[in-house]
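Subject: Structure for you to look over

Hi,

Here is the structure I promised to pass on. Please open it next to this message and follow along.

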Amino acid sequence: MTNESIQARNPLANTRFSGFDATSSRDVLQLSRSRIEETSAVEEVITSINTHEEQECLMALFLTNPLDDRRGLTNEKGLRVDGTCEWIKTNALYNSWLRSRSQLLWLCGGPGKGKTMLSIYLAEELERSAEKSQDILFVQYFCDNKDEKRNTAVAIIRGLISQLLSLRPTLFNYILPTFRTQKESLFAHSSFETLWRIFEMMVHDPVLGTANCVLDGLDECDKASLEALVRKLEALFSTKTDKTSTCHLNLIIVSRELPDFELDALSSFPRIRLDADAANEINNDIRRLIQVKVDELSLLRNYPEQLREYVKDVLLSRAAGTFLWIGIVANELRKYTSSEVENALKLFPPGLEGLYSRMLLQINDHRREIAAKILRWVVMAVRPLTLKELSTAIETSARFSLGLGYEEAIRDQVSYCGYFLTIKNEEVGLIHQSAKEYLLRKTPHLDPKLEYFRIEELEANLAIVRRCLKYIHNCHLTTSKVSHVLRHESFEDKSGKPDFPLLSYAALHWPEHAQYLPSSADVFDLSLPFYKEKSPVREFWLKKFWDMKE
């Protein structure tokens, strides 16, 4: 590869460290995440489109199907308990919003307050209403901070535009002229302003009738996206216009309390605060959930009536109004017989933070190092890691002589972390956003055993970059003619060839972790082979980077 070709295809060129020559070793000091345009993989076409051009546009626009995202959340969180969330239908602010053709209503609450379950309920109700009317549409979007396809303003607008086009194909007139000239680049991260302009024209078209929308988890967007989108929404719903240009979008945002600048932007709109305005309703829902959980425990462990009432009272007094706390503790109580339950309940401190601390303190000393390493990777990873990727990242040792492979070993190790982690479709994730915030807390723990698990972001990013660069270097050695296969860095696929599970993550994302490090960090030592002029390791990385991007 020539110096010119390296410069032309170097994803690190023209970043905030671009003072270095593009063909020198120092090009690779940093990568601005905004310079990498995300490439979406089309999973399905949502609806039948009349023309090839419209179909091509919709396929390029597509990232995920919000209905599938909603169903995934239902599978993950479980079915709604009968009677819960239904209070929203009698809420005055909600009913005012429901009668409106264009209004923004903000539902906000703290962690574990049942916001996503409420969003799912609202989506199901509004979807049923839309099915009965030709003049009402329903669109939805569920943000996820760990999914690159669902955690940016551009992803949200793409998702909403895609649904509007599917429901009202005449709206293609607003997007096709720009799509003809820009093609897929129209949907890049840098195209927010263009996409917003198109979206704004669509929601002002009377052909919509009324488009009811539920936007869940807005707080899970990256900070820059969040600020830009909230400012646009503020302007959209604050503008007083004549009837010919009325906005036809009726929006519910469901989120935590937002940072000050977003809070100021949304403060003029109607708001239902779950912690304050709906405290009684949430408390009643908590009681319903506790009743169901205790009924299940009673059936399993044969609780007498007096014990049933005692367990319900304790759960209610310690849950601090959080559904998540009840779910975790109820699952733990399944381990205890009816005669053990009273003492077992004393083990669970009130509130989520106390519960998280207890979960960490329960990890055996000989498992703490591995558990801490796993939690660090899962919390800091740009996207969810598969079991194979995580196993490779923490350098799990398989015990083939005992019949234990890598997958069995990593599943056991993930279990060390208790309820902090979940495994879904072979991917490892956190039980809740509040768990991530707890592990990333800025204030040191007084208990050294808890402090051991606290994740300092700079230190964690440095460790991940070190591992990624080492992995890229070893993969290069393994695939070169002068080296044998490094078994600890690779698996074997069905054909017996080495498979490198972490290579995709390492190649694509190490620069994103590196951008948070100071230039004095040891991973930027210019004596390393990666930074040498005409470095074969760097050329190997560049080739893998573009192969995986394309």
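Below are my notes, taken one region at a time.

Please keep in mind that this is a predicted model.

**The parallel sheet**

Five strands make up an open sheet, with parallel pairing. Their order is β2-β3-β4-β1-β5. The edge positions go to β2 (136-142) and β5 (271-273). Each has a single partner strand, so one side of each has no neighbour in the sheet. On average, neighbouring strands here are turned by 10 degrees against each other, direction ignored.

Strand β1 (residues 104-108) is worth a closer look. Five bridges tie β1 to β4 (residues 249-255), and the two run parallel. Within that pairing, L104 sits opposite L251, and W106 has I253 as its bridge partner. β1 also pairs with β5, again in the parallel sense, over three bridges. There W106 stands opposite R271. W106 thus has a partner in β4 and one in β5.

Are the faces of β1 covered or uncovered? Both are covered. L104, W106 and C108 lie on one side, L105 and L107 on the other, and all are buried. That is five of five residues in the strand.

Helix α4 (residues 92-99) lies across β1, β3 (210-216), β4 and β5. The helix runs at about 150 degrees to β4.

**The antiparallel strands**

A separate set of pairings centres on β8 (residues 427-430) in my notes. Strand β7 (residues 421-424) joins β8 through four bridges, running antiparallel. Strand β6 (residues 385-386) pairs with β8 over two bridges, also antiparallel. E427 in β8 is a handy landmark: K424 stands opposite E427, and so does T386.

β7 and β8 form a hairpin with two residues between the strands. N425 takes a positive phi there, near 50 degrees.

Which residues of β8 are on its covered face? They are V428 and L430. E427 and G429 are on the uncovered one.

**Two helices**

Helix α16 (residues 368-380) passes a simple length check. Its 13 residues, at 1.5 Å a residue, should span 18 Å. The end C-alpha atoms are 18 Å apart, which agrees. Its buried residues are R368, A371, A372, I374, L375, W377, V378, V379 and M380. Note the arginine in that list: R368 is buried too.

Helix α12 (residues 305-318) contains K312. Is this lysine buried or exposed? K312 is buried, because its relative accessible area is 16% and the cut-off for buried is under 20%. Leaving aside residues up to four places away in sequence, K312 touches I290, Q291 and V294.

**Nonpolar cores**

In soluble globular proteins, nonpolar side chains tend to be buried together. The largest nonpolar core here has 115 residues. L390, F420 and L421 touch the most other members. Helix α21 (residues 457-479) supplies the largest share, nine residues.

L390 shows how several elements meet. Residues up to four places away in sequence aside, L390 touches I374, W377, V378, L385, I410, V414 and V428. I374, W377 and V378 are among the buried residues of α16. V428 is on the covered face of β8.

There is also a second, separate core of 55 residues. I156, I161, F172 and L266 are among its members.

**Aromatic residues**

How many aromatic pairs does a search of the whole structure find? It finds 15. One of them is F530 with Y531, an edge-to-face pair. The centres are 5.5 Å apart, with 80 degrees between the planes. F530 is buried at 7% relative accessible area. Y531 is buried as well, at 1% relative accessibility.

The two also belong to one aromatic cluster, formed by W510, F530, Y531, W541, F545 and W546.

That is everything in my notes.

Best wishes

Notes:
Residues are numbered from 1 along each chain as its sequence is written. This is a predicted model: local features need pLDDT of at least 70, side-chain atom pairs count only at pLDDT 80 or more; totals for chains, interfaces and linings use all residues. Side-chain values use heavy atoms; hydrogens and water are left out. Two strands pair if DSSP finds at least two bridges between them. Axes are lines fitted to C-alpha atoms, for helices over the stretch in contact, and angles run from 0 to 180 degrees between N-to-C directions. Contact means heavy atoms within 4.5 Å. Buried means under 20% relative accessible area, exposed over 50%, partly exposed in between (1.4 Å probe, protein chains only). The expected span of a helix is 1.5 Å times one less than its number of residues. A nonpolar core is a set of buried Ala, Val, Leu, Ile, Met, Phe, Trp, Tyr and Cys residues joined through side-chain atoms within 4.5 Å. Rings of Phe, Tyr and Trp (its six-membered ring) pair if their centres lie within 6.5 Å; planes under 30 degrees apart count as stacked, over 60 as edge-to-face and the rest as tilted.
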